[in-house]
Amino acid sequence: MVNANPKRETNGRRAPSVVMRLARMGSAHPTRLSFLRVMLRRMLAGDWRFDRPVWNIDDKGVGRAVYRAVGPDRTYSLVAFAHDLPDDMRSDRVIATAWDATFALFDGTPTTADLDRLQANVPLQEAGRISPRELSLSRANRSVRLWAHVIENLAAGRQPDPAEIGAVGYLMRTTAVYGSGKFGAADRREIAARPELAAPFQAEMLSVWLTRQFTVDIVEHLARVRGGAGAARLAPETKGLLGVGNSTGLGMAPFLVRHPILMNNWMAAREEALARVRTLDTATPDAVRGLNAAFTKACDNAACWHSQHPIQIAKLADLRADLDRIGERLTAFPGGEAQPWDALWRWGEDNLSLEGQETLFALLIEPHGPLVDDLAAGMSADETFRLDGAMRVGALRAILRDRYDWALAIDFADPAQQARFWYVSEDKLEPRLGERATDAMAEREQPLCTGRLAKELDDALQSWPEDETVAAFLLRHPEHRFMVRRAQIAASHPYAEVRDNLIAEDMLPIDLMRCKLAFFGASHFDPRSDKWVRICLFQGAPYPLDLKEGVAHDT
Amino acid sequence: MTPEPNDPTRAGSPLPSEERVLMSQTEIETLCTKAARGAGMSWGNAEEAGFAVGWLHARSIDGASALLAHLERTEGAAWRDVCPVIETGHWHPSGAEPLCPVALGVTLCDFRALPEAALTGGGLTLGPVSRPLILVPFLAEVARLSGPLTVSWDGGAMEVTADSVLGNDIAGLVVTTLVLSAGVAASPAEGKPEPRKCDRAVLARLNDLAMKTTIPPSEKSCADAGAASSDND
């Protein structure tokens, strides 16, 4: 069947050639399908309760604390260790060896012996060892400026300056949050069947949400130490402005490329959500109110989103101009169209920048929880995929033409098209980008150069008869096994591949990072280079210890 | 434990001082994938090596030692010397070198639905193959798609189904010729096996191979991997 509209798949979703481009992925905004929203919806539904059974923090702010999330079937505990870190040791990079605070998410309620075991390991992070009882390992550093400002004011009985809080947005910034079998932790496959952990990154999101509670508890504690009985506590409206920061580098960028089935499922869920909303033939008053409320929030968010990076400054200018256009368009929404949401979306495609389109995406699905929230259940993935050796060479080449046309069109003889290579550094085992023209040992390149691998595979297949089997081809060419498997995955998972050259001179790693962080639910994307970003999580969300037991809260 | 956070000679978290280390399946898969790649396998085959050891690990069987022994003996071997030559009823090496169990395993999986891998008649003779234990997860993959298998050798035999292996004496074999035939459905082992601890020395040597996938960083790449501004703000 010929698809009359190259921008739409036959199931109404946007085509991968539209969606899977770095420039668009690098303009992604969090949505109600983001993983922290999925986690909060469950935690706020009324059948989870939260407490802090351990708080052994001394007057210097050193010690340990435990926060529990107690659910209908299971309990999870964030074990927090607070440290006294000299300023000169404070670094967000993987090369750091000490942090202001370190954390593990424990499966159950830890005993004193568990806490002692964790205390001997968690503060060491990568240099320590955790066990299958732990679901995540993480650390955080203070925002030095805001930390001092908040404690000083609370100690003096005053609230901190909202402008200072707005300029930073968080008291502590996490860096790596490790899960899924890292450093001895429980394997994802061991816990994936639990309903509360079935969606992606739920343990990590829970850990960061509980960490946010810890950050406000410890500044109030230190303010009380300094100010005594006269010290103030954070006012609810001030607390609401605080999220948890996160700082991340290139280490995150390869994830989406290394997990093609998972990325497909994330993207497909988003696209299905948009397709469902676009087919609605009415805009109910409730949904219109929800849309307008979400629009107001998006404007507030854009107003306090700061960045010094030239790329992001330009994108923020696009976003703010687009929000003005969207606001104007919404005054006439819904009009008389048969499918008002589809009309709004198509207007956006014609009139907005990528930033604006992606924010409109989040706005469109926001008021439609009952229609789209079930899609979160399909966002995890069984990543086992056995290559099909009985496939014929002709069929494999057809996949390459269909899914990798963008790659086959690249001239890799042009040095700019393979100017860089991804590698793992010997010293810290973190992913880095090398310059092929000048850096040594490019033969140790990681297989993240998907476009070139597809092109090389296609070249190698050209001399093979169409009816020969892939099995026979791979017996002669084991070097193409990696790409053959990817291509076969892409055949049945249309959103599995980023459709851009990941080793080109002008590739921006932060585009990959923003896409993943938006799926987490991150806001205030603030690049500090083309390979390093800060973001904020959970701003505006409730705090676990402020929730009333047995009461459902809006998310 | 003596933490050495900047130890450049490790591919994952530093190994605890205990002689036996409890590893997650993800860790053992990742380490073995890198080690196999470091020893010269293609990325696609290295992933399969990681899959195989992880599969065994999840069933409390030590595949890491067998993979290490194979990799250390054949590091850098040419594919044509360790991949199977397919003849009717007999897949054998091209020369004196035994087959690589990963090369044989992936080829069996690739051909599982094709006439070359038919198990009719006297079955399919395979080998000689190095460290046949590493072949078992691939046989389980074939069994998942084509039904249970019996694998036999001079002095032993075992049943392989999609989920389980019965009879464990294949673990001790170094180089053997195997005969593969259609098997009977065996009842799977009861319960979930205890997580298996790995030998520290084996992990350390796998790690040495894994480090061959890494690159000493250039000053520039090291410098621009972080933020362009201070983190101490």
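**View 1. A strand of chain A pairs with a strand of chain B.** In this predicted model, β8(A) runs parallel to strand β10 of chain B (residues 214-215), and the two are joined over two bridges. To find your place in the pairing, look for A:V424, which stands opposite B:T214 in β10(B).

**View 2. The interface of chain A and chain B as a whole.** Zooming out a little, 68 residues of chain A are in contact with 66 residues of chain B. Putting the two chains together buries about 5400 Å², and carbon and sulfur atoms give 51% of that area. On the side of chain A, the residues that lose the most area to chain B are A:R129, A:R386 and A:L475, which together make up 15% of what that side buries.

**View 3. Salt bridges and polar contacts between the chains.** Six salt bridges are found across the interface of chain A and chain B. A handy one to display is the pair A:R189 and B:E29, whose side chains meet at 2.9 Å, N to O. For polar contacts, the count between the two chains is 21 residue pairs, with both residues at pLDDT 80 or more.

**View 4. What chain A brings to the contact.** Several elements of chain A each supply at least two residues of the side that touches chain B. Among them are the helices α5 (144-155), α7 (188-191), α20 (470-476) and α21 (481-492), along with the strands β8 (420-425), β9 (431-435), β10 (523-529) and β11 (532-537). Which classes of residue make up this side of chain A? By class, there are 31 charged, 24 nonpolar and 13 polar residues.

Notes. Residues are numbered from 1 along each chain as its sequence is written. Chains are lettered from A and ligands numbered from 1 in the order in which they are written. This is a predicted model: local features need pLDDT of at least 70, side-chain atom pairs count only at pLDDT 80 or more; totals for chains, interfaces and linings use all residues. Side-chain values use heavy atoms; hydrogens and water are left out. Contact means heavy atoms within 4.5 Å. Buried area is the accessible area (1.4 Å probe) that two parts lose on being put together, summed over both. A salt bridge is a side-chain nitrogen of Lys or Arg within 4 Å of a carboxyl oxygen of Asp or Glu. A polar contact is a pair of N or O atoms within 3.5 Å; within protein, one must be able to donate a hydrogen and the other to accept it, and residues adjacent in sequence count only if both atoms are side-chain atoms. Helices (H or I, at least four residues) and strands (E, at least two) are DSSP runs, numbered from the N terminus. Ala, Val, Leu, Ile, Met, Phe, Trp, Tyr, Cys and Pro count as nonpolar, Asp, Glu, Lys and Arg as charged, and the others, Gly among them, as polar. Two strands pair if DSSP finds at least two bridges between them.
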